[in-house]
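Hi,

Here is the structure I promised to pass on. Have a look at it first, and then read my notes below.

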Amino acid sequence: MLSAPATPYQGSPAHDVTAEQDLFRGSLTRTIDGFLAEQRDVLAAISEESLPLISSIATLTGGGKRMRALLCYWGWRAAGGSAGASAPVTAGTALEFFQAAALIHDDIIDRSDTRRGRPSVHRQFTASHTDAGWHLDPERFGVSAAILAGDLCLAFSEELFTSSCSSEAGGAARIIFNRMRTEVMAGQYLDLLEEAVGPDQTPEVAEERALNILRFKSAKYSMERPLMLGGALAGADEALLSAYSAFALPLGEAFQLRDDVLGVFGDPDVTGKPAGDDLREGKRTFLIARALGSSGTDARARINGMLGDTSLDAASVHTLRGLIIASGALAHTEQLIASKSEQAFRALEELDIDAVSMEALRLLAEAAVTRSA
């Protein structure tokens with residue numbers, strides 16, 4: 001539980017945000033570590049050989065920006081929730097485990113070798129198999145073990161969220177939490193489907209589908225639902241939850257569009273992923289859809305021919321980047337990010353919330369759309 005301040009905050013809103021977030025992050029970290037320690041004991045009682053499952057999860061949940069948990073917290077606070085309450089900490093922890101599950105499974109689907117500068121979970125298990133000299137296929141073992149680790153994260157997330165819904169407002173929060181999970185799974189499937197059927201779509205349809213995928217796979221779950229979840233736990237009415245959505249949904253869309261740009265043009269030393277990884281994985285993002293729609297026949301054929309080629313070298317990635325820039329797609333995507341961001345900040349100004357919560361949401365929004373990793 002967060003420790004409530006001994007005296008009311010006397011500093012500027014920015015100072016108050018820093019103080020509150022430090023308290024929240026500390027409590028969140030302790031809750032995650034304590035929960036994992038309990039689960040480590042549970043698994044040890046089953047078999048010591050199952051402990052690598054917990055170790056892989058601990059590595060993943062030990063880092064990150066905690067953005068979803070922070071949005072949940074400020075959704076709670078802006079709706080009148082107490083700074084010292086445990087409910088947003090527990091719900092934030094549930095979101096962190098759900099995020100871990102999504103990352104583990106996403107890396108399997110995308111065949112990503114790294115996550116945050118370290119081997120992805122399925123690669124960790126593959127390496128363990130190889131190092132130990134075990135029998136059968138190490139890659140199949142790695143993928144299978146990672147799927148189970150992700151499933152375990154989902155179970156942990158459900159267990160934690162259930163314990164955060166003890167208040168009367170828990171019913172509304174439960175509806176949002178359940179909807180969020182369904183949206184993410186559907187969005188993930190649509191993303192997978194788009195990689196398979198994408199080349200057969202017209203550019204106009206491809207852009208529309210790409211925007212729908214980013215909305216449900218990422219935007220709602222990254223920004224809108226965590227903020228609404230915190231508000232619902234604090235008893236926010238429908239009007240406030242709708243105002244939260246008006247702010248957080250376009251912000252989430254801008255956030256994911258920025259992520260798509262970084263997936264192609266990001267610095268590997270900053271993003272922790274190889275340069276052009278999204279190109280090798282064949283991701284049919286809005287950026288790619290726009291590039292295809294804005295290119296001539298020859299350039300479009302070159303993009304489609306190279307996209308999804310896992311053997312792309314640095315020179316080929318450079319060539320693809322050049323084709324995307326020449327099409328005007330990068331400039332258009334940047335304009336769309338700016339437009340979505342402006343929409344979000346206008347909605348933020350209309351929120352009737354306290355100054356500290358307003359400043360916290362403003363800072364989180366700025367970090368989301370200007371990030372480099």
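Before anything else, one cut-off: a residue counts as buried when its relative accessible area is under 20%, as exposed when that area is over 50%, and as partly exposed in between. Also keep in mind that this is a predicted model.

With that cut-off, take Asp 107, which is found in helix H4 (residues 87-110). Its relative accessibility is 3%, so Asp 107 counts as buried. Leaving aside residues up to four places away in sequence, Asp 107 touches Ser 112, Thr 114, Arg 115, Ser 120, His 122 and Lys 273.

Next, helix H6, which covers residues 138-164. Do its length and its ends fit together? Put better: how far apart are the end C-alpha atoms of H6, and what span should its 27 residues have? At 1.5 Å a residue the helix should span 39 Å, and the end C-alpha atoms are 39 Å apart, which agrees. The buried residues of H6 include Gly 142, Ala 145, Ala 146, Ala 149 and Gly 150, and further along Cys 153, Phe 156, Ser 157, Leu 160, Phe 161 and Ser 164 are buried too. What do these buried residues pack against? Their partners are helix H1 (13-46), helix H2 (51-61), H4, helix H5 (121-132), H7 and H8.

That brings me to H8, residues 203-233. Its 31 residues should span 45 Å at 1.5 Å a residue, and the end C-alpha atoms are 42 Å apart, which agrees. Look for the kink of about 60 degrees in H8, centred on Lys 220. Is H8 largely enclosed or largely open? It is largely enclosed by the rest of the structure, because 22 of its 31 residues are buried. After H8 comes Gly 235, with a positive phi near 90 degrees.

Now for the salt bridges, of which the structure holds 25. One of them joins the side chains of Asp 191 and Lys 217, at 2.6 Å from N to O. This pair links distant parts of the chain, since Asp 191 is in helix H7 and Lys 217 is in helix H8, 26 residues apart. Both ends are covered: Asp 191 is buried because its relative accessible area is 8%, and Lys 217 counts as buried at 17%.

Another salt bridge is formed by Arg 209 and Glu 194, whose closest N and O atoms are 2.6 Å apart. Arg 209 lies in helix H8 and Glu 194 in helix H7, so this pair ties together parts that are 15 residues apart in sequence. Here the two ends fall in separate classes: Glu 194 counts as buried at 2% relative accessibility, whereas Arg 209 is partly exposed at 26%.

For a pair within one helix, go to H15 (residues 329-349), where Arg 346 and Glu 342 lie 4 residues apart, about one turn of the helix. Their side chains meet in a salt bridge of 3.2 Å, N to O. Why does that spacing suit a pair in a helix? An α-helix has 3.6 residues a turn, so residues three or four places apart point the same way. Arg 346 is partly exposed, with a relative accessible area of 44%, and Glu 342 is partly exposed at 48%. Elsewhere, salt bridges that share partners join Asp 110, Asp 278, Glu 281 and Lys 283 into one network.

Back to H7, this time on the surface. Ile 109, Tyr 189, Leu 190 and Leu 192 make a nonpolar surface patch of about 340 Å². Which helix gives the most to this patch? H7 does, with 3 residues. Leu 192 lies in H7 and is partly exposed, as its relative accessible area is 42%. Thr 182 also has its place in H7, which runs over residues 170-197. With a relative accessible area of 54%, Thr 182 is exposed. Its C-alpha atom is separated by 30 Å from that of Thr 310, 128 residues apart along the chain.

Last, find Asp 313 in the loop between helix H13 (297-306) and helix H14 (314-327). At 42% relative accessibility, Asp 313 counts as partly exposed. The C-alpha atoms of Asp 313 and Ala 79 are separated by 50 Å, and the two residues are 234 residues apart along the chain.

Cheers

Terms used:
Residues numbered from 1 in each chain as written. Predicted model: local features only at pLDDT ≥ 70, side-chain atom pairs only at ≥ 80, totals over all residues. Heavy atoms only, no water. Helix = DSSP H or I, 4+ residues; strand = E, 2+ residues; numbered from the N terminus. Buried < 20%, exposed > 50% of the residue type's maximum accessible area, 1.4 Å probe, protein only. Patch = residues over 30% accessible without salt bridge, like charges linked within 9 Å, V, L, I, M, F, W, Y side chains within 5 Å. Areas by Shrake-Rupley, 256 points an atom, 1.4 Å probe, with all protein chains shown as cover. Salt bridge = Lys/Arg side-chain N within 4 Å of Asp/Glu carboxyl O. Expected span 1.5 Å × (residues − 1). Bend = angle between axes of the 7 residues up to and from the residue. Contact = heavy atoms within 4.5 Å.
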